[in-house]
Amino acid sequence: MRKNCIFSLFFATIMLVFVSCNRETPGLKDVFEKDFLIGTAINPYQVLGKDARAKPFIVKNFNSVTAENEMKWERIHPKPGVYDFALADSAVAFAQKNHMSMIGHVLVWHSQTPDWVFLDSLGKPATRDALLARMKDHIFTVVGHFKGKVKGWDVVNEAVNDDGTIRKSKWYQIIGEDYIEKAFEYAHEADPDAELYYNDYNNEQRAKREGVVPIIKALQKSGLRIDAVGIQGHWHLDEPDLNELDESLSSYAALGLKIVITEMEVNVLPTPPEVYGADVQQQAKYLEELNPYKNGCPDSVETHLANRYSDLFSVFMKHKKDITRVTFWGINDGYSWKNNWPIVGRTNYPLLFDRNYQPKPAFYSVIKTAKEK
Ligand code: G3I
């Protein structure tokens with residue numbers, strides 16, 4: 001009798017393990033196949049196979065990839081005349097091999113651009129003409145290198161402040177406001193088939209949107225190619241307001257543009273509101289009370305996150321005819337930049353998959369939302 005009992009228990013355990021191993025979750029990209037591309041940011045650690053689980057996971061869940069850092073100016077063009085394409089090439093090869101769209105990130109940005117770009121050989125500020133020539137060389141070389149392999153480029157990143165005024169970056173100070181038009185002009189010349197995007201954070205909020213829309217209209221008036229506006233989507237449990245997001249998606253679509261959500265995640269940690277955006281330069285001080293889930297995310301927070309993702313995806317599904325891609329900024333919680341920004345050394349849980357690549361409640365809520373629409 002006792003023997004039978006032990007055998008039954010053993011059999012039940014084996015079955016449980018078998019069933020759970022075979023309970024295949026659907027690939028995220030397949031759930032949204034008819035709606036929009038599903039992308040992720042990737043890094044060399046994953047692409048070069050140092051994390052053996054990463055590549056099959058990416059291939060299963062995503063059909064678009066963006067190099068998180070490897071195409072930024074400081075990485076790809078660190079010194080005058082020196083281009084280093086090695087890591088970006090591996091990302092592109094991975095995308096091509098697996099029939100995923102490769103997104104180019106980023107050509108012109110105030111951040112992660114070496115100081116020399118803005119200086120002459122004597123260390124004085126470069127002239128407008130010299131900086132335009134440098135921008136053109138960079139765009140022609142980088143876009144030219146990936147011609148036919150990159151589906152679309154974030155041409156200009158984060159040119160507007162949260163209050164809607166133009167960011168007084170070195171690009172703006174030296175060239176003037178038409179640096180944006182020039183960047184789009186050069187990118188189109190370098191690869192006439194590539195899609196071109198203006199990409200920013202907080203631009204789903206009214207004030208910033210009111211600064212971005214005139215820039216887009218000016219590009220369109222000049223006859224320049226712009227395919228989509230990128231909304232980065234570095235979001236929180238309590239921001240953005242869903243009505244404001246909805247309104248912004250309608251406003252951008254009304255310009256005749258597509259919309260791409262380019263860097264999405266939802267922060268779950270207490271965070272001072274003054275560092276709610278995604279300005280890499282900002283930092284806040286580490287305090288124990290701002291890092292409350294070091295040993296695991298409470299179920300209540302995972303549920304809150306799942307509801308939030310569901311709400312956000314409901315808005316996306318409402319606008320699916322205008323949205324062409326939703327890209328997550330990282331493949332799982334362990335890879336998210338939000339573990340180190342705006343406060344270094346915290347444990348955050350902002351994505352759909354946990355540190356062990358397991359789908360979280362937010363994953364299932366997103367799928368459910370897709371199926372209901
Ligand atoms: O790779 C080096 C490593 O060798 C070194 O030991 C370590 C120590 O500092 O730094 C590592 O590089 C860091 C890199 O991330 C990879 O982790 C850089 O310092 C750090 O600045 C870099 O941060 C990136 C940030 O942009 C600045 O480029 C984040 O990964 C990346 O997620 C973030 O992405 C930006 C988008 O490009 C634009 N929109 C906002 C978004 C979030 O800031």
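Lys373 is exposed, with a relative accessible area of 52%; exposed denotes over 50% relative accessible area, buried under 20%, and partly exposed the range in between, computed with a 1.4 Å probe on protein chains only. The model is predicted, so that local features are given only at pLDDT of at least 70 and side-chain atom pairs only at pLDDT 80 or more, whereas totals for chains, interfaces and linings use all residues. Residues are numbered from 1 along each chain as its sequence is written, and side-chain values use heavy atoms, with hydrogens and water left out.

Lys373 belongs to the segment after α13 (361-372), where helices (H or I, at least four residues) and strands (E, at least two) are DSSP runs numbered from the N terminus. Leaving out residues up to four places away in sequence, Lys373 touches Ser314 and Met317, contact being defined as heavy atoms within 4.5 Å. Between the C-alpha atoms of Lys373 and Ile323, which are 50 residues apart along the chain, the separation is 15 Å.

The helix α13 itself has 12 residues and spans 17 Å from its first C-alpha to its last, close to the 16 Å expected at 1.5 Å a residue; the expected span is 1.5 Å times one less than the number of residues. Buried residues in α13 are Ala362, Phe363, Ser365, Val366, Ile367, Thr369 and Ala370. An α-helix has 3.6 residues a turn, so residues three or four places apart point the same way. The buried residues of α13 pack against α2 (28-31), α4 (54-61) and α12 (299-318).

The ligand has 16 residues around it, of which Glu68, Lys72, His105, Glu263 and Trp329 come nearest; a residue is counted if one of its heavy atoms lies within 4 Å of the ligand. By class, this shell comprises five nonpolar, six polar and five charged residues, with Ala, Val, Leu, Ile, Met, Phe, Trp, Tyr, Cys and Pro taken as nonpolar, Asp, Glu, Lys and Arg as charged, and the others, Gly among them, as polar. A polar side-chain atom of His105 lies 2.6 Å from an oxygen atom of the ligand, and an N or O atom in the side chain of Asn69 is 3.0 Å from a ligand oxygen atom. The side chain of Glu263 places an N or O atom 2.7 Å from a nitrogen atom of the ligand. On its own the ligand has 790 Å² of accessible area, of which the protein covers 55%; areas come from the Shrake-Rupley method with a 1.4 Å probe.

Two of these ligand neighbours, His105 and Glu263, are also among the contacts of Asn199. Asn199 is placed in strand β5 and is buried, with a relative accessible area of 0%. Its further contacts, neighbours within four places in sequence set aside, include Asp154, Asn157, Gln232 and Thr262.

Backbone geometry is as follows. The peptide bond from His105 to Val106 is cis, with omega near 20 degrees, and Val106 is found in strand β3 (residues 101-109). A second cis peptide bond joins Glu239 and Pro240, with omega about 0 degrees; Pro240 is in the loop between β7 (234-236) and α11 (242-254). His99, although not a glycine, has a positive phi of about 55 degrees. This residue, His99, is found in the loop between α6 (86-97) and β3 and is exposed, with a relative accessible area of 71%. Asn202, also not a glycine, has a positive phi of about 60 degrees. Asn202 lies in the loop between β5 (195-200) and α10 (206-221) and is buried, at a relative accessible area of 9%.

Key:
Polar contact = N/O pair within 3.5 Å; in protein donor to acceptor, adjacent residues only side chain to side chain.
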